[in-house]
Amino acid sequence: MLNMCDRTFRTFSRMMLGRCFMRCRVSRQVRRHYSFLPDDVKSLRAVVNPDVSKIRNIGIMAHIDAGKTTTTERMLYYSGYTRALGDVDDGDTVTDFMAQERERGITIQSAAVTFDWRSHRINLIDTPGHVDFTLEVERALRVLDGAVAVFDASAGVEAQTLTVWRQAEKHHIPCVCFLNKMDKPAANLSFSMESIRQKLKANPVLLQIPVGSGRNFMGVVDLLTNQKLIWKLKSIGEKSIGDDGRMFESKPLDHSDEPELLQEVKEARAALIEQVADLDDEFAELLLTDFSDSFDAVPSIKLQEAVRRVTLARKGVPVLCGSSLRNKGVQPLLDAIVAYLPAPSERHHDLVRWYKDDLCALAFKVLHDKQRGPLVFLRIYSGTLKSQTAVHNINRNSIERMSRLLVPFADQHVEIPSMTAGNIALTVGLKQTVTGDTIVSSKASAAAAARRAHNESSTGKKHGDHATVVLSGVEVPDPVFFCTIEPPTMAKQADLENALNNLQREDPSLKVRVDPDSGQTVLCGMGELHIEIIHDRIRREYGIETHLGPLQVAYRETVLHEASTTDTLDRTVGERRHVVTVELAVGPADASSTTASCDLAFTKEVEEKLSQELKDAVENGVHSSYLQGPLLGYPLQGVTTLIQNVNMEPGTSPAMVSACVSRCMLKALRLAGGQVLEPVMSLEMTVKEEHLSSVLGDLAQRRGTVSDIQSRHDNKLLLATVPLAEMMGYSTILRTITSGNATFSLALDTYETMNPQDQNILLKRMSGLL
């Protein structure tokens with residue numbers, strides 16, 4: 001077994017580790033390069049379990065086409081884990097390894113890679129930027145400790161940037177911002193900073209000033225150290241070509257530099273010191289006591305420590321500049337990840353304290369491998385994970401044996417015997433585990449952690465009686481599109497069901513149900529592209545040529561008014577008579593509420609009278625009613641229910657209570673009056689001015705509402721909201737209207753009430769289909 005592991009590690013080292021040996025010229029300016037000497041052969045074995053303070057679990061998040069995958073590719077190259085620079089257009093990147101990703105040039109599923117940088121272990125997850133795959137971002141951020149937000153420096157904050165930023169905010173994740181594509185002619189530092197400040201409501205802390213602009217972008221000035229980092233071009237004859245960016249010049253600013261640059265750096269550094277002093281009391285005190293005569297004399301290390309404290313406290317976000325495609329600025333970004341983003345031990349999870357040295361991990365992603373079966377990604381919060389051991393799944397209340405443990409590197413993995421807390425692991429053998437499950441070493445360890453949590457809560461330190469030893473799972477968004485799917489023949493039905501089961505386990509945002517009236521299988525997904533990718537995967541990976549029905553929008557329903565009703569269920573089953581009477585009230589949620597969910601509450605008398613078993617039965621009845629509205633059978637949203645009274649004869653079963661509640665709910669919902677809600681998308685479009693009037697006319701026909709029209713360089717930036725139902729196939733239509741001179745992006749904004757005229761049209765159309 002040991003020999004096999006040795007061979008595996010040696011093979012992996014030869015396959016993945018790039019080597020570059022370059023001579024350094026010693027002079028007044030330092031030529032830096034991040035590479036390894038020929039005899040410095042790195043092995044993952046040496047860093048499989050580094051000290052927890054040296055670990056960084058980070059995600060790369062951004063709007064589509066901002067440069068996430070390209071940035072990840074450069075990180076792997078400069079850290080020595082790939083031999084060549086991959087390119088999205090060439091389809092040879094490490095993290096975009098699916099056939100669909102390489103064909104389309106987009107990231108579809110998040111991919112994890114592990115590499116080292118300056119004695120630190122970095123577990124990195126490259127996430128998608130497309131709105132259809134927002135769950136991939138959600139479940140990655142759920143288990144990460146920090147994030148790098150990548151921006152197109154010419155566009156600033158875009159539609160999907162807002163979505164991923166809100167996801168990071170929800171999980172309280174410290175972030176670093178990277179203004180990518182500084183080499184574009186339209187790149188604008190001040191515009192990007194202002195968009196971060198205004199749209200994200202964040203506090204950007206600028207750490208670098210770009211040197212040059214557009215195609216003349218050469219490097220950056222580090223405001224903390226006043227060092228000028230320049231990536232020069234190689235010259236061949238009369239032509240200049242870019243190199244791989246591994247080498248760059250680092251020298252302090254001096255009087256020989258351009259006066260404009262010196263003045264800009266001086267003002268920017270003074271603003272940086274003032275901003276950090278406002279955000280960090282310790283740094284402000286240091287300035288006033290030790291450097292009151294000259295703030296410029298503050299050591300860079302003290303300023304860096306203060307920026308780190310500000311970042312970890314989420315009072316500000318460091319901002320760096322570069323161009324990943326042109327191989328400039330990525331090494332300083334890696335340094336910033338190590339310097340400013342937190343180690344796992346700095347995130348202060350309660351469960352780490354309760355489980356102590358016992359294993360506690362969260363399953364956040366599942367993949368299916370034809371040879372190895374399900375592969376489960378785990379984030380280890382405490383204890384040590386070992387291969388060939390049994391683990392306990394708290395959510396499933398089951399014991400499973402983990403046969404193998406792997407270090408993830410996109411679609412290439414290395415087997416290891418164990419992994420410690422703070423790391424991200426890939427496991428083989430967990431056949432029942434799904435996304436969001438908590439994995440512990442045994443029932444006994446979970447019980448011990450529960451006792452510690454209870455003892456702590458009883459002293460009033462944390463959470464009262466609500467302390468739990470189960471990690472919170474991943475919030476799965478509701479689908480917005482659905483369509484029917486049919487196999488080519490009935491003989492393939494079982495194969496199709498198996499494929500759909502596997503795909504649902506991999507992707508919880510994919511829902512599959514059977515229509516009760518027609519018996520057809522219905523796919524529910526997050527968008528046109530999402531369902532298209534699922535269809536393509538079924539064909540390629542499972543060899544089934546399926547047929548998809550027309551796409552339909554997944555509407556929601558709500559109620560217009562408050563209504564109260566009473567219902568009695570009197571049934572005799574065998575020799576037992578069941579009698580139950582339920583009184584309840586329904587109504588629309590508070591208009592000021594920010595949640596779109598449906599709420600359930602009990603009156604004080606009912607709360608005290610019912611046992612927990614009967615409360616669960618009532619909740620089951622109410623929640624089953626929420627799944628099917630009274631108008632068109634779409635799920636309900638924004639409805640509140642108050643259980644006012646429940647009376648029953650002795651011996652009435654909980655199932656009868658649940659059935660009576662469902663009947664009573666249906667009556668109340670019909671009395672309250674139904675209303676259709678439709679998904680509305682935020683639209684951002686960049687269009688040439690000569691095509692603006694045509695685009696506005698087309699959007700008006702699509703029930704679009706324009707909120708703003710801004711000038712961006714030579715183009716117009718159009719901000720609008722448009723119903724999702726009107727946007728199917730829009731890319732083709734827009735290409736025709738503008739002769740291909742427009743780009744747009746969509747992000748799900750909210751569900752809004754459909755106007756009565758459109759609702760009547762929808763009701764008639766649905767009635768005709770039925």
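## Loops, a sheet and cavities in a predicted model

Asp-65 is exposed, with a relative accessible area of 62%. This value, like the others in this report, comes from a predicted model. Asp-65 is found in the loop between β2 (55-62) and α2 (68-78). Its phi is near 70 degrees, a positive value in a residue other than glycine. Most residues other than glycine have a negative phi.

Asn-226 also has a positive phi, of about 60 degrees, although it is not a glycine. This residue is found in the loop between β9 (219-222) and β10 (227-230). Is Asn-226 exposed or only partly exposed? Its relative accessible area is 28%, so it counts as partly exposed, because that class runs between 20% and 50%. The table sets out the two residues.

| Residue | Phi | Relative accessible area | Loop |
|---|---|---|---|
| Asp-65 | near 70 degrees | 62% | between β2 (55-62) and α2 (68-78) |
| Asn-226 | about 60 degrees | 28% | between β9 (219-222) and β10 (227-230) |

### The sheet and its helices

Further along the chain, four strands form a sheet. This sheet of 4 strands is open, its pairing is mixed, and the strand order is β31-β32-β34-β33. At the edges are β31 (563-573) and β33 (599-602), each of which pairs on one side only. On average, neighbouring strands of the sheet are turned by 25 degrees against each other, direction ignored.

The edge strand β33 runs parallel to β34 (residues 639-648), and 4 bridges join the two. In one of these strands, β34, Thr-641 is the bridge partner of Leu-600. Two helices are placed against the sheet. Helix α16 (residues 612-626) lies across β33 and β34 and runs at about 140 degrees to β34. Helix α17 (residues 654-672) packs on the sheet as well, where it touches β31, β32 (576-588) and β34. The direction of α17 makes about 150 degrees with that of β31.

### Cavities

How many cavities of 30 Å³ or more are there? The count comes to 3, and the largest cavity has a volume of about 170 Å³. The largest cavity is lined by 19 residues. Nearest its centre lie Ile-108, Gln-109, Glu-136, Asp-507 and Arg-537. The elements that give two or more residues to this lining are α4 (134-143), β15 (360-369) and α14 (528-542). By residue type, the lining of the largest cavity divides into 8 nonpolar, 4 polar and 7 charged residues.

Notes
Residues are numbered from 1 along each chain as its sequence is written. This is a predicted model: local features need pLDDT of at least 70, side-chain atom pairs count only at pLDDT 80 or more; totals for chains, interfaces and linings use all residues. Side-chain values use heavy atoms; hydrogens and water are left out. Two strands pair if DSSP finds at least two bridges between them. Axes are lines fitted to C-alpha atoms, for helices over the stretch in contact, and angles run from 0 to 180 degrees between N-to-C directions. Contact means heavy atoms within 4.5 Å. On a 1 Å grid over the protein atoms alone, a cavity is a set of points where a 1.4 Å probe fits but cannot get out, and a pocket is an open set with protein on both sides within 12 Å along at least five of seven lines; lining residues have an atom within 4 Å of a point. Grid points are joined across faces, edges and corners, and a volume is the space filled by probe spheres set on the points. Ala, Val, Leu, Ile, Met, Phe, Trp, Tyr, Cys and Pro count as nonpolar, Asp, Glu, Lys and Arg as charged, and the others, Gly among them, as polar. Buried means under 20% relative accessible area, exposed over 50%, partly exposed in between (1.4 Å probe, protein chains only).
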